[in-house]
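Work through the exercises below with the model open. Try each task before you read its solution.

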Amino acid sequence: MATNWGSLLQDKQQLEELARQAVDRALAEGVLLRTSQEPTSSEVVSYAPFTLFPSLVPSALLEQAYAVQMDFNLLVDAVSQNAAFLEQTLSSTIKQDDFTARLFDIHKQVLKEGIAQFSPQTVFLGLNRSDYMFQRSADGSPALKQIEINTISASFGGLASRTPAVHRHVLSVLSKTKEAGKILSNNPSKGLALGIAKAWELYGSPNALVLLIAQEKERNIFDQRAIENELLARNIHVIRRTFEDISEKGSLDQDRRLFVDGQEIAVVYFRDGYMPRQYSLQNWEARLLLERSHAAKCPDIATQLAGTKKVQQELSRPGMLEMLLPGQPEAVARLRATFAGLYSLDVGEEGDQAIAEALAAPSRFVLKPQREGGGNNLYGEEMVQALKQLKDSEERASYILMEKIEPEPFENCLLRPGSPARVVQCISELGIFGVYVRQEKTLVMNKHVGHLLRTKAIEHADGGVAAGVAVLDNPYPV
Ligand code: ADP
Ligand code: MG
């Protein structure tokens, strides 16, 4: 594909000078990560990897992704409130996947208790990010196809707020003023913070705090700080604690208000708790305590379950969207237009057929377990081996199969600490951040709050920025 930057990418000397300028600007703007050597220290930091140039994205697809975000917010919220749908959808998965089963156990426990005690949990906060790739179709025009929706710990809203300045800088150095002006402003961290602030306000206790559940080793702390800073500017105080801290210092009073170190918590914002290895027995207990509390949880356990790959696959069945969003045919049509092929691997004829198709044409499919955080999916020969092994086992119900999206590759230059600037064939993934707040049955906020473009070399099938594969980017609308 032709890019605006085609000839610029050939001039090695100029690239190196531009890269030096871009890196310095990224550092100055706060596009930062802690290092893998010292993941608990802010004494030594470096820049988060990024592209030297913004990547071309058709404006129609950007607009489409923004236009469908409120629908996705509604959909996730509807799924999270539909206990019967979650139970039925996840019934085969939880028999095979221990992590999903544990989450589901907490969900059941909280439901039971809530009904028994006239649950005082009234405020629900969703901060999500729906991710897409641009499928090239037969006529050459790209189509927006959803990869997944992240309902827990959706990250890089903070750093994505800082990268437009870097790309504008690069284009300005080249005296491309008009092009620099086309880089979209973006401020997801502010929008995410406004959602948290709304939930905090509705909780209605002026001295209560926001609790950010943090990992012990967090390289991406500056991304989180961007949200914390926005909250502090609104006089909302944030404390960062690990699950371990909560199991030692967290408690509920008789009304199930949550206290940590004696301070009342209005909102719990999870930036941990989406992978099995993040849970010791003690951490599961802490998660249960948080779920049982009256604080607004972002996400609550049902919303985390609504973000599983299995739910995504079941949502693509005919009639499901109509059932979950009754009387909203336009929203249903917008949502469905973004769905790629998704196939259940539950034991039975339908699953057998999906496996047969994937074995016959492996390059057209991706095999996905119920995991988050990148690097878990299987492709190509690895997928074939796994499918052969799973075929005759009940374990296959813990996976889903997805059509593989094949975007048109393009050239860009990737910048990473410790590596020389590298011009490579790339593909991008666009994420849109969504925020909603619900009080009882009333939706009081539903919006999109910005975007994230991540770009990676085509040789990597899987993985995001945190996994060390993709780099931060900005869409250059064309
Ligand atoms: P995770 O929850 O681990 O982020 P994803 O579903 O987002 O799982 O998959 C991780 C990465 O794998 C994506 O960022 C994307 O690069 C790649 N990927 C996932 N699904 C597909 C697909 N259907 N087609 C092509 N690439 C995919
Ligand atoms: Mg992902």
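A residue counts as buried when its relative accessible area is under 20%, and as exposed when that area is over 50%. Keep in mind that this is a predicted model.

**Exercise 1. Decide whether C298 is buried or exposed.**

Step 1: Take the relative accessibility of C298, which is 2%.
Step 2: Compare it with the cut-off: buried means under 20%.
Step 3: C298 is therefore buried.

**Exercise 2. Classify E382 as buried or exposed, and place it in the fold.**

Step 1: Find E382 in helix 18, which covers residues 380-390.
Step 2: Its relative accessibility is 55%. Exposed means over 50%, so E382 counts as exposed.
Step 3: Now look across to P329. E382 and P329 are 53 residues apart in sequence. In space, their C-alpha atoms are 40 Å apart.

**Exercise 3. Explain why C413 forms no disulfide with C426.**

Step 1: Find the cysteine sulfur closest to that of C413; it belongs to C426.
Step 2: Read the distance between the two sulfurs: 8.9 Å.
Step 3: A disulfide needs the sulfur atoms within 2.5 Å. The pair is too far apart for a bond, so C413 and C426 are not joined.
Step 4: Check the whole model: the count is 0 disulfides.
Step 5: Add the setting of C413. Its relative accessible area is 0%, so C413 is buried.

**Exercise 4. Describe the surroundings of N412.**

Step 1: Locate N412 in strand 16, residues 410-415.
Step 2: N412 has a relative accessible area of 1%, so it is buried.
Step 3: Look for its contacts beyond four places in sequence. Among them are L9, T51, F53, R422, C426 and D473.
Step 4: Pick out F53 from that list. The backbone oxygen of F53 is 2.7 Å from a polar atom of the N412 side chain.

**Exercise 5. Work out what surrounds ligand 1.**

Step 1: Start with the shell of 21 residues; K309, K368, G374, E429 and K456 come nearest.
Step 2: Sort the shell by class: 10 residues are charged, 7 nonpolar and 4 polar.
Step 3: List some polar pairs. Side-chain N or O atoms lie 2.8 Å from a ligand 1 oxygen for E148 and 2.7 Å for K368. For N377, a polar side-chain atom is 2.9 Å from an oxygen atom of ligand 1.
Step 4: Turn to area. Ligand 1 alone exposes 540 Å², and the protein buries 95% of that.
Step 5: Name the elements giving two or more residues to the shell: strand 6 (142-150), strand 14 (365-369) and strand 15 (399-403).

Technical notes
Residues are numbered from 1 along each chain as its sequence is written. Chains are lettered from A and ligands numbered from 1 in the order in which they are written. This is a predicted model: local features need pLDDT of at least 70, side-chain atom pairs count only at pLDDT 80 or more; totals for chains, interfaces and linings use all residues. Side-chain values use heavy atoms; hydrogens and water are left out. Helices (H or I, at least four residues) and strands (E, at least two) are DSSP runs, numbered from the N terminus. Buried means under 20% relative accessible area, exposed over 50%, partly exposed in between (1.4 Å probe, protein chains only). A polar contact is a pair of N or O atoms within 3.5 Å; within protein, one must be able to donate a hydrogen and the other to accept it, and residues adjacent in sequence count only if both atoms are side-chain atoms. Contact means heavy atoms within 4.5 Å. A residue is near a molecule or strand if one of its heavy atoms lies within 4 Å of it. Accessible areas come from the Shrake-Rupley method with a 1.4 Å probe; for residues, only the protein chains shown count as cover. Ala, Val, Leu, Ile, Met, Phe, Trp, Tyr, Cys and Pro count as nonpolar, Asp, Glu, Lys and Arg as charged, and the others, Gly among them, as polar.
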